[in-house]
Amino acid sequence: EMRAAFEGVRTLDGRGATLIWSDGPRLRGIQDRLRAEGLDPGDRGKGRATWLAYGYVLATAEAHVVAVHDCDIRDYPRELLARLCFPTVHPNLNYEFAKGYYGRVTDRLYGRVTRLFMTPLLRAMKSVLGPLPLLDYLDSFRYPLAGECAMTTDLVRINRIPSDWGLEVGVLAEVFRNCSAKRICQVELVENYEHKHRQLSENDPSTGLHRMVVDIASSLIRNLASYGVQFDAGFLNTLIAAYLRTAQDAVARYNDDAALNGLVFDRHEEEVAVETFARALRTAGLSFVRDPMGAPQIPNWSRVTSALPDLLDELRAAVEADRRGRALSVVARSAP
């Protein structure tokens with residue numbers, strides 16, 4: 001189905017879009033070679049797929065800016081891409097990174113992971129830890145978990161990112177490390193934005209929003225630890241209690257917002273989400289306490305090309321061979 005969906009897609013310059021088959025045999029071979037060199041590209045996930053796409057863009061050497069956006073958008077106006085890229089491509093603006101944001105409301109409030117987890121957790125962390133530049137920076141974004149961002153290929157080359165759903169937090173943390181604050185901005189992409197919506201999966205931490213929050217919390221905890229924040233079981237208990245109180249207060253405010261604006265609001269559902277996210281936070285925190293090293297971030301492309309100078313050419317050849325193979329198979333199936 002995905003292959004068929006890409007058949008009619010054209011880029012702005014009229015060329016066909018390139019679909020990267022990250023789990024195909026050619027790219028699996030490249031990932032095996034990386035692991036053999038001690039450069040683990042991580043487990044299957046959103047971060048690894050994005051990292052491989054970054055590599056292909058670097059291999060083509062045709063772009064100065066890379067734009068990333070989620071694929072579960074129900075409506076995709078051309079203006080969205082233009083506004084996302086504008087700060088990083090305009091010659092007089094000089095931004096290296098632009099983060100998108102947008103409203104998430106229809107007849108009800110969406111954006112549960114941001115509303116009920118990320119923002120309350122950042123505020124709880126600030127109340128427990130006091131002022132911390134990384135927390136202030138993350139909390140300054142209107143929608144820190146938005147999948148939409150644009151950055152220069154210089155940042156693409158040096159950023160280290162997680163392979164899982166912690167991608168957005170990991171990218172923001174790397175940009176904080178590698179880029180001057182004066183070169184970072186956020187831009188409103190559209191007035192409102194409609195995603196497909198994931199299930200909460202409150203009883204299954206391996207899927208849905210439950211799994212997503214575990215990955216996000218893990219990424220945030222490991223980044224804070226890299227700045228000297230000490231996590232142990234006692235601190236984790238304090239943090240979870242502070243998060244729960246902050247999130248529950250947020251639910252009360254959202255209930256009032258919904259009543260004022262005539263929106264559907266299920267307070268019980270919201271409270272269940274908060275309780276699920278608290279369990280996910282505990283899971284992530286205890287995992288860090290048991291194994292502070294944890295799953296490493298994917299090596300950045302600067303390190304990969306230093307160790308394996310020919311790998312980008314190999315990656316480009318593999319992606320283009322897969323593309324030619326798909327085109328041939330389509331022709332074969334359509335032949336009488």
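**Exercise 1. The largest cavity**

Task: Work out which helix gives the largest share of the lining of the largest cavity, and describe that lining by residue class.

Solution: In this predicted model, H8 supplies three residues to the lining of the largest cavity, and this is the largest share. To place that contribution, begin with the number of such spaces: the structure holds one cavity of 30 Å³ or more, and the space in the largest cavity comes to about 70 Å³. The next step is to name the lining, which consists of Thr 50, Tyr 54, Val 68, Lys 99, Ala 146, Gly 147, Cys 149, Leu 167, Glu 168 and Val 171. Two elements give two or more residues to this lining, namely helix H3 (46-60) and H8. Sorted by class, the lining of the largest cavity holds six nonpolar, two polar and two charged residues.

**Exercise 2. Cysteines without a partner**

Task: Cys 149 is among the residues that line the largest cavity; explain why its sulfur forms no bond with that of Cys 85, and decide whether Cys 149 is buried or exposed.

Solution: The step that settles the first part needs a cut-off, since a disulfide requires two cysteine sulfur atoms within 2.5 Å. The cysteine sulfur closest to that of Cys 149 belongs to Cys 85 and lies 10 Å away, which is too far for a bond. Cys 185 is likewise in no disulfide, the nearest cysteine sulfur, that of Cys 179, being 9.7 Å away. Over the structure, the count by this rule is zero disulfides. For the second part, Cys 149 has 7% relative accessibility and therefore counts as buried, and Cys 185, with 14%, also counts as buried.

**Exercise 3. The two sides of helix H2**

Task: Check whether the span of helix H2 agrees or disagrees with the value expected for its twelve residues, and then determine where its buried residues fall when seen down the axis.

Solution: Helix H2 covers residues 25-36, and at 1.5 Å a residue its twelve residues should span 16 Å; the C-alpha atoms at its ends are 16 Å apart, so the two values agree. The buried residues in H2 are Leu 27, Ile 30, Gln 31 and Leu 34. Seen down the axis of H2, the buried residues fall within an arc of 95 degrees, and so they line one face of the helix. The general background is that an α-helix has 3.6 residues a turn, so residues three or four places apart point the same way. On the other side of H2, Pro 25 and Ala 36 are exposed. Just after H2, Gly 38 adopts a positive phi of about 80 degrees.

**Exercise 4. The second largest pocket**

Task: Determine how many residues line the second largest pocket, and which helix gives the most to that lining.

Solution: The second largest pocket contains about 710 Å³ of space. Its lining is made of 28 residues, and those nearest its centre are Arg 222, Gly 294, Ala 295, Pro 296 and Gln 297. The elements giving two or more residues to this lining are helix H8 (167-178), helix H9 (208-225) and helix H11 (267-290). Of these, H9 gives the most, with seven residues. By class, the lining of the second largest pocket divides into seven nonpolar, ten polar and eleven charged residues.

Notes:
Residues numbered from 1 in each chain as written. Predicted model: local features only at pLDDT ≥ 70, side-chain atom pairs only at ≥ 80, totals over all residues. Heavy atoms only, no water. Buried < 20%, exposed > 50% of the residue type's maximum accessible area, 1.4 Å probe, protein only. Helix = DSSP H or I, 4+ residues; strand = E, 2+ residues; numbered from the N terminus. Expected span 1.5 Å × (residues − 1). Arc of directions from axis to C-beta. 1 Å grid on protein atoms, 1.4 Å probe; cavity = no way out; pocket = protein on both sides within 12 Å on 5 of 7 lines; lining within 4 Å. Points joined across faces, edges and corners; volume = space filled by probe spheres on them. Nonpolar A, V, L, I, M, F, W, Y, C, P; charged D, E, K, R; others polar.
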